[in-house]
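Welcome! Please take a look at the sequence and the 3D structure shown here, and then read the notes below alongside them.

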Amino acid sequence: MKRALFALVLIGAPVLADSDLPPAPLADTQLADPKQEAQAKALMEKIRCLVCQGQSIADSNAELAGDMRALVRERIAAGEKPDAIRAWLVRRYGSWVTYDPPLDRTTWLLWAAPVLFLVVGVIIASRSIRRRRR
Amino acid sequence: MKNRLKWAPLIVFILLGVALSYGLSKPNNTNITSKMIGASVPAFTLPPATPGLPGLASADLANGKPHLVNIFASWCVPCIAEAPQLKAIADAGVPVVGIAVRDRPEAVARFLSRHGNPFRAIGADDASQVQMALGSSGVPESFVVDGQGRILQQTIGPINPQDVPGVIAAVKGAR
C-alpha cells in the first residue's frame, strides 16, 4: 500500500505541474508552406526553452515550449522575419533566450578568446625557440 | 625569472580552484527575469477566464491607477500557497488583476471558490501569448504596474507572507 502510494506521488507530481489544455494548434503542426516551415524550424532550434533550460524549443516537450513554437510559426506565417521574432523574444528575456547570442559587453570574450590564446601561444613559442638557439 | 615562472602553474591552479569553489558555494539561480521592467505593458486583450469576472486588456492597466498583475493557473500548486497572500494584498486596497495561463473556465471558478478570489478581473491566456509578451516564464509571477501601464517590478514564484508589506508598499507607492 505504502509502495503504491509512493509510486502514485512520483507519477502524480509531474502531472500536476501541467495544465490539461491541449497544445496550441501550431505547437506541433508544421506550416503548409515548406519554405516557411524551414525558416520556423531553423529559428526554433536557436531559441532556448524557458522551462527545460538547456533544450531548444524545437526539442523540448514543456508546454511553454509548445506555446513558443506556436508563437514562432504564427508570426512566420504572418510574414514576420525570423530575426524580428528573435529580437522580440530577446527584448523580453534577454540574450539568454537565444543560442546565437549577440556580440556585446559580456560575450566579446567568446570571440576574442581564440585570438588571445593564439597570441599567448606565439609569444611562448617564440621565446623558447629563441632560447634554444642561444 | 626562470625560478619565479616555475610557480606559475601552481598559482593558476589555486586561482582556478578558488574561482570554482566560489561558483559551487553559490546556489544556481535559474530564474529568468523579465527585461520588460521599466517598459510599458505590451498591447493585449484577453477574454474573461471565468464567468462573472471581466477579462483583462492592457488599456485597463493604464487607467491612472497602479495594479498588481498576477500570472497564475488553477493547475499550479504554488499558486494555492500564494492565494492567502493575494487575498491580504487585495484586502489592503490594492487592485489585483489576474492572467490565467492555459486554463479552463470551470477550473478557474473551482480554484477561486476553494482558495478565495482576490481578483477584480482575470484574462484567459490560453496559449501563454500574453505571458510571453510580459517576459514571464512561469506561474506564479506578479508584476507591479503603475497608473500609466508601466511595469515597475516582477516577483518570480509565489509571494510569501513576509513579502506582503513590500508588495503593498510597491503598488501604493506607484503613480
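What follows is a short briefing on two chains, grouped by topic.

This is a predicted model, so please read each point as a description of a prediction. Chain A has five helices and zero strands, while chain B holds an open sheet of five strands. The two chains also touch each other: 18 residues of chain B are in contact with 19 residues of chain A.

**Chain A as a whole**

- Starting at the N terminus, the elements of chain A follow the order α-α-α-α-α.
- Chain A has 134 residues, and 21% of them count as buried.
- Take the contacts in chain A with a separation of 6 or more: 53% of them come from residues 24 or more positions apart.

**Helix packing in chain A**

- Helix α2 (residues 34–44) of chain A is a good place to begin, and one of its partners is helix α3 (residues 63–77) of chain A: their axes come within 9 Å and cross at roughly 140°.
- That angle makes α2(A) oblique to α3(A).
- The crossing of these two helices, α2(A) and α3(A), is right-handed.
- On the α2(A) side, the contact uses A:Gln36, A:Gln39, A:Ala40, A:Leu43 and A:Met44, and on the α3(A) side it uses A:Arg69, A:Val72, A:Arg73, A:Ile76 and A:Ala77.
- Sorted by class, the residues in the contact of α2(A) with α3(A) are six nonpolar, two polar and two charged.
- α2(A) also packs with helix α4 (residues 82–93) of chain A, at an angle of about 35° and with the axes 10 Å apart.
- Here too the handedness can be stated: α2(A) passes α4(A) in a right-handed crossing.
- A:Gln39, A:Ala42 and A:Leu43 of α2(A) make this contact with A:Pro82, A:Ile85 and A:Arg86 of α4(A).
- The contact of α2(A) with α4(A) has four nonpolar residues, one polar and one charged.

**The sheet of chain B**

- In which order do the strands of the open sheet lie? The order is β5-β4-β3-β6-β7 (chain B), and the pairing is mixed.
- β5 and β7 (151–156) of chain B are the edge strands, each pairing on one side only.
- On average, neighbouring strands of this sheet are turned by 20° against each other, with direction ignored.
- Strand β3 (residues 67–72) of chain B is joined to strand β6 (residues 141–145) of chain B by five bridges, and these two strands run antiparallel.
- Two partners from this pairing can be looked up in the model: B:His67 has B:Val145 as its bridge partner in β6(B), and B:Leu68 has B:Val144.
- β3(B) also pairs with β4(B), this time in the parallel sense, over five bridges.
- In that pairing, B:Phe72 stands opposite B:Ala100 in β4(B).
- Strand β4 (residues 96–101) of chain B is linked to β5(B) by four bridges, and the two run parallel.
- B:Ala100 appears again here, standing opposite B:Ala124 in β5(B).

**Which way the strand residues point**

- In a regular strand, side chains alternate between the two faces of the sheet.
- Is β3(B) mostly covered or mostly uncovered? It is mostly covered, with six of its six residues buried.
- On one side of β3(B) are B:His67, B:Val69 and B:Ile71, on the other are B:Leu68, B:Asn70 and B:Phe72, and all are buried.
- Strand β5 (residues 122–125) of chain B can be read in a similar way: B:Ile122 and B:Ala124 point one way, B:Gly123 and B:Asp125 point the other way, and all are buried.

**Helix packing in chain B**

- Helix α3 (residues 77–91) of chain B and helix α6 (residues 164–173) of chain B have axes that come within 10 Å and cross at roughly 40°.
- α3(B) and α6(B) are therefore oblique to each other.
- α3(B) passes α6(B) in a right-handed crossing.
- The residues that meet are B:Gln85, B:Ala88 and B:Ile89 in α3(B) and B:Val164, B:Val167 and B:Ile168 in α6(B).
- This contact of α3(B) with α6(B) has five nonpolar residues, one polar and no charged ones.

**Where the chains touch**

- Contact between the chains involves 18 residues of chain B and 19 residues of chain A.
- The side of chain B that touches chain A has seven nonpolar, six polar and five charged residues.

Note on methods: Residues are numbered from 1 along each chain as its sequence is written. Chains are lettered from A and ligands numbered from 1 in the order in which they are written. This is a predicted model: local features need pLDDT of at least 70, side-chain atom pairs count only at pLDDT 80 or more; totals for chains, interfaces and linings use all residues. Axes are lines fitted to C-alpha atoms, for helices over the stretch in contact, and angles run from 0 to 180 degrees between N-to-C directions. Angles under 35 degrees count as roughly parallel, over 145 as roughly antiparallel, 65 to 115 as roughly perpendicular and the rest as oblique. A crossing is left-handed if the near helix is turned anticlockwise from the far one by less than a right angle, and right-handed if clockwise. Two residues are in contact if their C-beta atoms, placed from the backbone, lie within 7 Å. Ala, Val, Leu, Ile, Met, Phe, Trp, Tyr, Cys and Pro count as nonpolar, Asp, Glu, Lys and Arg as charged, and the others, Gly among them, as polar. A residue is buried if 20 or more other C-beta atoms lie within 10 Å of its own, exposed if 12 or fewer, and partly exposed in between; C-beta atoms are placed from the backbone. Two strands pair if DSSP finds at least two bridges between them.
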